[in-house]
Amino acid sequence: MPPTSSPDDARSVFRACPLCEAICGITVRVADGRATEIRGDADDPLSRGYLCPKAHGLIGLQDDPDRLRRPVRREGSRFIEIGW
């Protein structure tokens, strides 16, 4: 199913949650390049719109200020950013 758009330039994309073996179908609402909402995909034949708490937390993982966004190398007690 192709992404849908609305006048505010938000769209829905359909994916599978990668956090466990259930691989629930999810609908991710994206606006301005950022995920704003995650819901179960009612059309997914396996999960049928069901989501576990882990999938609801995906936005929090994406926006976590402690999330590593670049590779790092440990030097003693510090971490130094390195290239890809």
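## Leu68 and the surface patch

Leu68 sits in the loop between α2 (58–63) and β5 (72–75). Helices (H or I, at least four residues) and strands (E, at least two) are DSSP runs, numbered from the N terminus. The model is predicted: local features need pLDDT of at least 70, side-chain atom pairs count only at pLDDT 80 or more, and totals for chains, interfaces and linings use all residues. Residues are numbered from 1 along each chain as its sequence is written, and side-chain values use heavy atoms, with hydrogens and water left out.

Leu68 counts as exposed because its relative accessibility is 60%. The classes are buried (under 20% relative accessible area), exposed (over 50%) and partly exposed (in between), with a 1.4 Å probe and protein chains only. Leu68 joins Val72 and Phe79 in a nonpolar surface patch. Together the three have about 300 Å² of accessible area. Areas come from the Shrake-Rupley method with a 1.4 Å probe; for residues, only the protein chains shown count as cover. Patch members have over 30% relative accessible area and no salt bridge; like charges are joined within 9 Å, nonpolar side chains (Val, Leu, Ile, Met, Phe, Trp, Tyr) within 5 Å.

## The β5–β6 hairpin

Strand β6 covers residues 78–81. β5 and β6 pair in the antiparallel sense over four bridges. Pairing requires at least two DSSP bridges between two strands. Val72, from the patch, has Glu81 in β6 as its bridge partner. Two residues lie between the strands of this hairpin, and Gly76 takes a positive phi near 70°.

## Salt bridges

The model has four salt bridges, each a side-chain nitrogen of Lys or Arg within 4 Å of a carboxyl oxygen of Asp or Glu. Arg73 pairs with Glu75, the closest N and O atoms being 3.0 Å apart. Glu75 also bridges to Arg78, at 3.9 Å between the closest N and O atoms. Shared partners thus join Arg73, Glu75 and Arg78 into one network. Arg73 is partly exposed at 43% relative accessibility, and Glu75 is partly exposed at 36%.

Another bridge joins Asp63 and Arg34, with the closest N and O atoms 2.0 Å apart. This pair links distant parts of the chain: Asp63 is in helix α2, Arg34 in strand β4 (residues 34–40), 29 residues apart. Asp63 is partly exposed, with a relative accessible area of 35%. Arg34 is partly exposed too, at 42%.

## The nonpolar core

In soluble globular proteins, nonpolar side chains tend to be buried together. Here the largest nonpolar core has 11 residues: Val13, Cys17, Cys24, Ile26, Val28, Val30, Ile38, Leu51, Ala55, Leu58 and Ile59. β3 and α2 each supply at least two of them. β3 gives the most, with three residues. Such a core is a set of buried Ala, Val, Leu, Ile, Met, Phe, Trp, Tyr and Cys residues joined through side-chain atoms within 4.5 Å.

## Contacts of Val30 and Thr27

Contact means heavy atoms within 4.5 Å; residues up to four places away in sequence are not counted for Val30. Core residue Val30 touches Asp9, Ala10, Arg11, Val13, Ala35 and Thr36.

Thr27 lies in strand β3 (residues 25–31). Thr27 is buried, with a relative accessible area of 16%. Leaving out residues up to four places away in sequence, Thr27 touches Ser12, Val13, Phe14, Glu37, Ile38, Arg39, Gly40 and Asp41.
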